[in-house]
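Welcome, and please load the model in your viewer. We will make a few selections together and look at what turns up around each one.

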Amino acid sequence: MITYNNKEKIVEHYNFVSPYYHSLWGEHLHHGYWITGKETKEDAQLALTEHLAQIANIKHGNKILDVGCGFGASSIYLAKNYNAETIGITISQVQVKMAQEAAKKANATSEFVLMDAEAMKFEKPFDVIWSIESISHYKNKEKFFNKACQLLLPDGTVAVIDWFKKENLSADKYKKYILPIEKGMMVELHTMNDYISILKSNGLEIIKSEDISKNTAKTWDISLEIIKDKMFWQLALKNGREFVNFLRSFRAMKAGFSSGNFVYGLIVAKKLSSI
């Protein structure tokens with residue numbers, strides 16, 4: 001079975017596209033969460049971060065590992081608003097540099113390092129393992145979750161928002177709605193129940209699982225407007241098929257949301273103190 005989440009291609013893509021994407025999409029490299037529908041893109045992105053923080057019951061002073069930290073905005077937000085001790089990891093050296101610069105500008109103590117999420121190594125455990133829109137890129141999700149659970153303190157929390165596919169998709173619907181997303185976005189989509197099963201197998205208790213697709217779908221109306229900028233397509237034509245597929249998959253994302261075959265979901269789980 002062909003998969004499109006090739007790690008080398010992902011690194012190459014994010015090292016190249018990150019500065020351009022930041023200039024048009026902003027400091028948060030993730031969806032927005034709309035409650036009224038009238039929020040700005042930036043307010044909606046902050047609302048998504050805060051929504052996960054509230055459900056995960058982030059406490060002041062928590063030690064948090066932000067996995068797949070992007071430009072570092074979640075780590076910086078948690079450090080500034082929750083006095084959290086945050087460390088962000090990414091496999092993109094360009095993103096590490098951008099995140100470090102953002103933290104300096106915000107006068108935040110967040111740390112950012114180049115590290116593969118499937119081969120994490122830390123000497124001390126964390127109160128929270130946090131990840132927004134990153135795990136779907138990973139080849140071995142079971143390995144990641146196993147390591148993440150090992151890195152948790154007793155009563156520690158895994159807080160995840162990610163991209164999923166609908167349960168029990170037919171082959172035709174997978175091909176029509178999900179495959180173009182996987183190909184263009186360089187992900188491999190599982191179901192929410194797949195993640196839940198892995199977390200439970202590692203001894204974690206599910207605190208909350210929530211499909212927040214309706215609150216986040218507006219992201220792709222905005223994104224489709226953003227990529228009308230000819231700069232993106234000029235870059236795509238100069239830099240190969242993967243970037244062209246990436247831009248084309250924006251319409252696939254909108255179609256996935258509209259059809260209900262793509263799921264944007266939140267999962268929070270807690271490590272039992274006896275584990």
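Start by selecting Asp127 and its surroundings. Beyond its neighbours within four places in sequence, Asp127 is in contact (heavy atoms within 4.5 Å) with Asn62, Lys63, Leu152, Leu153, Gly156 and Thr157. Before going further, note that this is a predicted model, in which local features need pLDDT of at least 70 and side-chain atom pairs count only at pLDDT 80 or more, while totals for chains, interfaces and linings use all residues. Residues are numbered from 1 along each chain as its sequence is written, and side-chain values use heavy atoms, with hydrogens and water left out.

Now colour by secondary structure. Asp127 sits in strand 4, residues 126–132; helices (H or I, at least four residues) and strands (E, at least two) are DSSP runs numbered from the N terminus. Is Asp127 buried, partly exposed or exposed? Its relative accessibility is 24%, so it counts as partly exposed; buried means under 20% relative accessible area, exposed over 50%, and partly exposed in between (1.4 Å probe, protein chains only).

Next, show the side chain of Asp127 and the backbone of Lys63. A polar atom of that side chain lies 2.7 Å from the backbone nitrogen of Lys63. Then add Lys271: its C-alpha is 9.8 Å from that of Asp127, although the two residues are 144 apart in sequence.

Move on to Ser92, in the loop between strand 2 (85–90) and helix 4 (93–106). Ser92 has a relative accessible area of 1%, so it is buried. Show its side chain: a polar atom there lies 3.1 Å from the backbone nitrogen of Gln95. With neighbours within four places in sequence set aside, Ser92 is in contact with Tyr14, Asn15 and Leu114.

Finally, zoom out to the whole chain. How many helices and strands does the protein chain have? There are 11 helices and seven strands. Along the principal axes, the C-alpha atoms fill a box of roughly 50 × 45 × 40 Å. The radius of gyration (taken over C-alpha atoms) is 18 Å, which agrees with the value near 19 Å for a compact globule of 275 residues; that globule rule is 2.2 Å times the number of residues to the power 0.38. Of the 275 residues, 53% count as buried. As a last stop, try a contact map: among contacts between residues at least 6 apart in sequence, 77% join residues at least 24 apart.

Note on methods. Polar contact = N/O pair within 3.5 Å; in protein donor to acceptor, adjacent residues only side chain to side chain.
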